[in-house]
Amino acid sequence: MENTTFRIAVRKFGPFESALHKLWDAFCLKYDISIAVEMVPMELHDLYEQTITEGGLKKGDWDIAHINTDWIFDAAQANAVQDLTSFIAKKAPQDFPEGWHNSLLHLQEIDGGIYGLPFHDGPECLIYRKDLFENSIEKENFKKQFGYELAPPKTWTEFEQIATFFNRPNENLYGCVFANYPDGHNMVFDFCLHLWTRGGSLLNAENQMDVNTQAAIDTLDYYRYIVKNIAAVHPGSADFGSVEAGMAFANGEAAMTINWFGFASMCEVIAESKVKGKVDVTTLPFAVGGKTASLNVYWLYTIGAGSKNKKLAYDFLRFATTAESDKLLTNEGGIGCRKSTWKDAEINATIPYYHKLESLHENALTLPQIAVWPDIAILIDQMVLQALKTNVPSADLLKHTQIEIEKIL
């Protein structure tokens, strides 16, 4: 091997980092491998810049990288990531492809190639404090105030009422917590989810990007209202990414959150969680004329197109995606991608709602798979941020954003 150090670009998140270190140590021990490894944890923006924008994967700066499915089409088109088809044909991963749900296999299949293996899953869902929702006093008080039984919200109106009911700043408890840090992801995902649950779409009848619609106006109007509702929302939301919002929930600071399934799971496995055994998940609320929806964005193990250690990299990917490794990732606080993990009795004893992953995937939608999606996501992110920080009408913001999207396209 030409490189004396094997380099892995890691999505910065404690459970990812600890799982990867344990998997690498186990891999080297099992196969008697001795090579220096450098694992570099990075925030989303830095990870994209280092691996794709600056060509790190293509140039061989990275042997392996965590790439999410928002980016994989872009990465494949840029020849940044290795097509794994020939590797899989010679020596497939354990139980490939039957070991995974189909929804975790198709986004990395591009133009006949396979550009990654599933690493971390967990569609967006409503995560809530079941201890609060099942408390007899809370149920009685809620019914007196709103006239119906306290239960996980089915509609956005119920969501707002329940968030207001549980908002108790003097107890460091808030109705809900959002992830509104403008990183090109969190608010984009929220916008899409709210749009879909209102019966809207990012694409028009001609399958072209179109956010200048009435459903999008209704979405932005509601989102800017609910996020700024200080009578319902955690005050730290504006500065929280998904990880920080997840940690706030795990710290017992919110009754509800809309976040990735992994942050519910994390509540059961991390030592600092204050809500262990008090959490459950369900489908997202919807508006009149809409229906529940989820978002399927997942993380992949990818191999750099310029890596000088491709065989070693692929051998590690095969090892890291076995049923045993997938379960290890889950026990560390990530979300395993294998169906065997979802149904595992020990996992479900620790995380009682883990089996719900399969049903959540049934409502999971995906983002448009186009090379310029990362650029469009930035425009949507900026639009939502402007909606939260200004009084510019939603219709004007959407019209302007659509014009900018068409320039990119």
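# Pockets, cavities and a sheet: worked exercises

Let's open with the largest pocket: α2 (44–53), α11 and α18 (373–389) each supply at least two residues of its lining. Helices (H or I, at least four residues) and strands (E, at least two) are DSSP runs, numbered from the N terminus. This is a predicted model, where local features need pLDDT of at least 70 and side-chain atom pairs count only at pLDDT 80 or more, while totals for chains, interfaces and linings use all residues. Residues are numbered from 1 along each chain as its sequence is written, and side-chain values use heavy atoms, with hydrogens and water left out.

**Exercise 1. Work out what lines the largest pocket and which domains supply the lining.**

*Step 1.* Get the ground rules straight. On a 1 Å grid over the protein atoms alone, a pocket is an open set of points with protein on both sides within 12 Å along at least five of seven lines, whereas a cavity is a set where a 1.4 Å probe fits but cannot get out; lining residues have an atom within 4 Å of a point. Grid points are joined across faces, edges and corners, and a volume is the space filled by probe spheres set on the points.

*Step 2.* Now read off the pocket. Its volume is about 570 Å³, and 27 residues line it, with Leu44, His45, Asp183, Gly184 and His185 nearest its centre.

*Step 3.* Sort the lining by class: 10 nonpolar, seven polar and 10 charged residues. Here Ala, Val, Leu, Ile, Met, Phe, Trp, Tyr, Cys and Pro count as nonpolar, Asp, Glu, Lys and Arg as charged, and the others, Gly among them, as polar.

*Step 4.* Trace the contributors. The most comes from α18, with seven residues, and domain 1 (6–122 + 297–365) and domain 2 (124–295) each supply at least three. Those bounds come from an automatic or database domain assignment.

**Exercise 2. Find which element gives the most to the second largest pocket.**

*Step 1.* This pocket holds about 260 Å³ of space. Of its 14 lining residues, Asn180, Val227, Pro235, Ser237 and Ala238 are the closest to its centre.

*Step 2.* Once again α18 comes up: it gives the most to this lining, with three residues.

**Exercise 3. Place the largest cavity relative to the two domains.**

*Step 1.* Searching the whole structure turns up four cavities of 30 Å³ or more. The largest has a volume of about 260 Å³.

*Step 2.* Look at its 19 lining residues: Arg11, His120, Ser242, Trp260 and Trp299 are the closest to the centre. The elements giving two or more residues are α9 (186–196), α11 (242–250) and α12 (261–269).

*Step 3.* Domain 1 and domain 2 both contribute to the lining, so the cavity lies between them.

*Step 4.* Put the domains in context. Their centres, taken over C-alpha atoms, are separated by 28 Å, and 24 residues of domain 1 are in contact (heavy atoms within 4.5 Å) with 27 of domain 2.

**Exercise 4. Draw the strand order of the five-stranded sheet and mark its edges.**

*Step 1.* Two strands pair if DSSP finds at least two bridges between them. With that rule, the open sheet runs β2-β1-β3-β12-β6, with mixed pairing.

*Step 2.* β2 (36–42) and β6 (117–120) have a single partner strand each, so one side of each is left without a neighbour in the sheet.

*Step 3.* Neighbouring strands are turned by 30° against each other on average, direction ignored. Axes are lines fitted to C-alpha atoms, for helices over the stretch in contact, and angles run from 0 to 180 degrees between N-to-C directions.

*Step 4.* Zoom in on β6. It pairs with β12 (residues 299–303) in the antiparallel sense over three bridges, and Leu117 has Tyr301 as its bridge partner in β12.

*Step 5.* Add helix α1 (residues 14–31), which packs on the sheet and touches β1 (5–11), β2, β3 (64–68), β6 and β12; its direction makes about 150° with that of β1.

**Exercise 5. Locate the cis peptide bond and two non-glycine residues with positive phi.**

*Step 1.* Recall the background: most residues other than glycine have a negative phi, and most peptide bonds are trans.

*Step 2.* The cis bond joins Phe96 and Pro97, with omega about 0°. Pro97 is in the loop between α5 (85–90) and β4 (109–110).

*Step 3.* Asn79 has phi near 55° and sits in the loop between α4 (72–77) and α5. Asn207 has phi near 65° and lies in the loop between α9 and α10 (214–227).
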